[in-house]
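Colleague: I should like to learn how to read this structure, one feature at a time. May we begin with the backbone?

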Amino acid sequence: MNRREFTARSLAAAAGAALSPGRGYAATQNSTAPDPGAVPDPMIAQARFPEGFLWGVATASYQNEGAWNEDGKGESIWDRFTHTPGKVRGGVTGDVACDQYHLYPQDIALAKQLNLKSYRFSIWWPRIQPTGVGSPNMKGVDHYSRFVDALLEAGIRPWCTMYHWDLPQALEDRGGWPNRELANYFADYAGILARHLGDRITVWAPFNMPWAIAFMGYAAGALPPSGTSFSDFLKAAHTLALAQGEAHRAVKAASPKATVGSAYEMAPAYPKTDSDDDRAAAARYHAMNNVFFLEAAMHGRYPNAFIGEPPLDVMGFRAGDEKLLYAPLDWVGFHYYTRRVVSDASKEKFQSGGNFSGTEIEGNSPGGRDPYTRFRAAMPTEGPLTEAGLEVWPRGIYDLVSKITRDYNHPIIEITESGCGYLDSPDEEKHGRIPDSRRILWYRETLAELARAIADGAKVRAYHAWTLLDNFQWAEGYTERYGLIYTDFRNQKRTIKDSGYWYGRVAVSNRLDV
Ligand code: FCB
């Protein structure tokens, strides 16, 4: 992250504190600014979730496991990135993170204590194939096998993301995701996972946030491998979509019980003005950021996210690729954190794209974010901002779930990640308790809107809070805390926050006023 991005994020966090309304997001509780996104208390009290609803958490290997060079694991692009000075805030790494590689029995016991029924985790590819190709490293396979057994013993559904951003460095050295050959390597890896774990795991997703892998990694330079080429972004996106289809088939071939879905990042897009141009820009945002890979899987085609003809030649699209893309999902998984307001920038002269922070907040971008989609997407500040700088906009999850429900003919939906970053820590005056009331409020409001979408007919069967433990937050290092459980990184002590106890009560009662 460069200085300008750093400043933008700090300002966003400061604005969050200043703009927070009286409803409880303010660090000091005396602000009275109006908040158009607030959810009324009676709606929270009346919200109900169906019997059997799967309450869970989501996690990711690099953010939690540590043990970065143990048991034959190869180097990943995140190891390389964090070991490069200047890439991560505070110069920290995920070498140890939450040490979950060793402490997982304790963490699964905590998940059980919170009454969770679904645990979304990811497998670190270079633990299984240290260079991304060839026969599996059985020490890595055995680790995940024990992990899955421990979940099942705790009565928790194991939910596997095959790739949460940790490409074997050796495959990056062969060109990374812009290299089409990676689709086949990825399918081999997916087949290995399904052969060894598919007797117990039935819920699979190939990629966490494929758009971010392609854009933040290859065009925005914000995440590894820090690329800054717009054409590489499109090539990477195409390889990822092909890999999604190939992995789907490889997993189904190896495991008859498998169901395959997704873990897309999505943010509902609202046009900045009522103009036709801004509406069209918001539609392009939705096509590119929300449903690009979903359309590929469901219909074997890309939605038109572009000004003019889709740049299929830049992507390296070949005749017959439609058939490879086509692999209809058994259920649709996506994240919800915040929303975007989108405007058209196609009439301006394109300069150099957006300024991005380590997550995905886009700054000003004359001419648009990239030369193909030509829109500008911003995160508004009408609602309060979390301490991680994202706007609190509970209604967004209702709009998003309702739209996917309508547009994809009422699919089964899983919310794969959803949560907020606040820095609350143990309060010595309260005997070390962590009274993170803003997080509880965030979940109450967001979940009330989700319950409304379910009441209106959306078939949502699971919700995964991001995340179980405070962990390594990518380019932000350890400066953001999203956990229901506090991690003291000096000694690896875990302390359940008030939000964790609250979520545990929600999980048994299917209601929010608990
Ligand atoms: C999402 C990532 C996840 C986590 C949350 C806060 O974009 O999928 O790993 O960092 O943000």
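Colleague: Where does Thr467 lie?

Modeller: Thr467 lies in the loop between S12 and S13. The names S and H stand for strands and helices, which are DSSP runs numbered from the N terminus: helices are H or I with at least four residues, and strands are E with at least two. Please keep in mind that this is a predicted model, in which local features need pLDDT of at least 70 and side-chain atom pairs count only at pLDDT 80 or more, whereas totals for chains, interfaces and linings use all residues. Residues are numbered from 1 along each chain as its sequence is written, and side-chain values use heavy atoms, with hydrogens and water left out.

Colleague: What is the peptide bond from Trp466 to Thr467?

Modeller: Most residues other than glycine have a negative phi, and most peptide bonds are trans. The bond from Trp466 to Thr467 is cis, with omega near 10°. The bond from Pro224 to Pro225 is also cis, with omega near 10°, and Pro225 sits in the loop between helix H10 (210-218) and helix H11 (230-254).

Colleague: Which sign does phi take in Ser226?

Modeller: Phi of Ser226 is positive, near 65°, although the residue is not glycine. Ser226 is found in the loop between H10 and H11, and its relative accessibility of 22% makes it partly exposed. The scale is as follows: buried is under 20% relative accessible area, exposed is over 50%, and partly exposed is in between, using a 1.4 Å probe and protein chains only. Ala97 has a positive phi of about 45° and is not a glycine either. Ala97 belongs to the loop between helix H4 (77-82) and helix H5 (100-113), and it counts as buried because its relative accessibility is 4%.

Colleague: How many strands form the open sheet that contains S12, and in which order?

Modeller: Strands of a sheet pair through backbone hydrogen bonds, either parallel or antiparallel. Two strands are taken as paired if DSSP finds at least two bridges between them. Here nine strands form an open sheet in the order S5-S4-S3-S2-S1-S12-S11-S8-S6, with parallel pairing. Its edges are strand S5 (259-260) and strand S6 (264-266), each of which pairs on one side only. At one edge, S5 is joined to strand S4 (residues 203-207) by two bridges, and the two strands run parallel; Trp204 has Val260 of S5 as its bridge partner.

Colleague: Which helix packs on this sheet?

Modeller: Helix H16 (residues 395-407) does, touching S6, strand S8 (332-336), strand S11 (412-417) and strand S12 (459-466). Contact requires heavy atoms within 4.5 Å. The direction of H16 makes about 160° with that of S8; axes are lines fitted to C-alpha atoms, for helices over the stretch in contact, and angles run from 0 to 180 degrees between N-to-C directions.

Colleague: How do S13 and S14 pair?

Modeller: Strand S13 and strand S14 (residues 493-496) pair in the antiparallel sense over four bridges, with Tyr486 opposite Thr495. Their hairpin has four residues between the strands, and Gln492 in it takes a positive phi near 65°. Strand S13 (residues 485-488) is covered on both faces: Ile485 and Thr487 are buried on one side, as are Tyr486 and Asp488 on the other.

Colleague: Which residues surround the ligand?

Modeller: A residue is near a molecule if one of its heavy atoms lies within 4 Å of it. Those surrounding the ligand include Gln63, His164, Asn208, His335, Glu417, Trp466 and Trp474. Polar side-chain atoms of Asn208 and Trp474 lie 3.0 Å and 2.9 Å, respectively, from an oxygen atom of the ligand. An N or O atom in the side chain of Glu417 is 3.0 Å from an oxygen atom of the ligand. The protein covers 96% of the 300 Å² of accessible area that the ligand has on its own, as computed by the Shrake-Rupley method with a 1.4 Å probe; for residues, only the protein chains shown count as cover.

Colleague: Is His335 buried or exposed?

Modeller: His335 is buried because its relative accessible area is 1%. His335 is placed in strand S8, and a polar contact of 3.2 Å joins its side chain to that of Glu417. A polar contact is a pair of N or O atoms within 3.5 Å; within protein, one must be able to donate a hydrogen and the other to accept it, and residues adjacent in sequence count only if both atoms are side-chain atoms.
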